[in-house]
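Here are a few exercises to work through with the structure open beside you. Try each task before you read its solution.

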Amino acid sequence: MTPKALSKPEIENLVVKAQKGDELAFSVVYDYFFERIFKYVSFRVSGEYTEDLVADIFLKMVQNLHLYKPQATASFSAWIFRLAHNHIIDHYRKQKELLAGFDEDGEIDSLMNNLTDEHHLPPDLELQQMLQAEKIKDYLGELKPSYREILELKFYQDFSNREIAEVTGKSEGNIRIIQLRALKELREKLEAS
């Protein structure tokens, strides 16, 4: 069960309380981010590593929560996703595998679910949308991993360009360029079909 959506100020307030030792606030933050981080990790590593990496990420969150400064960072969401992003990179370095080893099916299924599950349309429009989502699913699988990551964070995690920059370690300007290129490539593929 997905926890109710929290606003950025609500999350920041809970984090400040958790930093002061409030176990209930920490529990709410953990519950709120667990599924999102789990999906983020599972899209990028093979299933056998997902649970261990997620556990490690949350352990690092606990160990470093006192270092989070709301004024110095775009948001706690960006901070924890940056933690996850860095941990995944470390994992691939340790495994001596290429960073491009995303679990494409998991990521694309998530994008497709977002397209179809959140919209309640009449059956004929829903079918039309599902067909469009299927095309998008296919074409997303053809995009470079960096393009897919930026589109996922922007449109399915609702991150701002500033937050995406914090997660990926790229500049906001670079994020805008990558996003435009990814959307252009996706649009070209859809128009050509």
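**Exercise 1.** Find what share of the contacts with a separation of 6 or more joins residues 24 or more positions apart.

*Solution.* In this predicted model, residues 24 or more positions apart account for 66% of those contacts in the protein chain. Next, look at the elements: the chain has nine helices and zero strands. Finally, turn to burial and surface. Buried residues make up 40% of the 193 residues, and the chain exposes about 11,000 Å², with carbon and sulfur atoms supplying 53% of that area.

**Exercise 2.** Work out which helix gives the most residues to the largest nonpolar core.

*Solution.* Start with the core itself: it has 45 residues, and F33, I37, V41, F76, I80 and F81 touch the most other members. Then check the contributors; helices 1, 2, 3, 4, 6, 7, 8 and 9 each supply at least two residues. Helix 4 gives the most, with nine residues. To follow one core member outward, take F76: leaving out residues up to four places away in sequence, its contacts include I11, V15, V29, F33 and M61.

**Exercise 3.** Decide whether H85 is buried or exposed, and find its side-chain polar partner.

*Solution.* First place the residue: H85 lies in helix 4, which spans residues 76-95. Its relative accessibility is 11%, and buried means under 20%, so H85 counts as buried. Now list its neighbours: beyond residues up to four places away in sequence, H85 touches Y40, E149, V167 and T168. Of these, Y40 is the polar partner you want, its side chain joined to that of H85 by a polar contact of 3.5 Å.

Terms used: Residues are numbered from 1 along each chain as its sequence is written. This is a predicted model: local features need pLDDT of at least 70, side-chain atom pairs count only at pLDDT 80 or more; totals for chains, interfaces and linings use all residues. Side-chain values use heavy atoms; hydrogens and water are left out. Helices (H or I, at least four residues) and strands (E, at least two) are DSSP runs, numbered from the N terminus. Buried means under 20% relative accessible area, exposed over 50%, partly exposed in between (1.4 Å probe, protein chains only). Contact means heavy atoms within 4.5 Å. Accessible areas come from the Shrake-Rupley method with a 1.4 Å probe; for residues, only the protein chains shown count as cover. A polar contact is a pair of N or O atoms within 3.5 Å; within protein, one must be able to donate a hydrogen and the other to accept it, and residues adjacent in sequence count only if both atoms are side-chain atoms. A nonpolar core is a set of buried Ala, Val, Leu, Ile, Met, Phe, Trp, Tyr and Cys residues joined through side-chain atoms within 4.5 Å.
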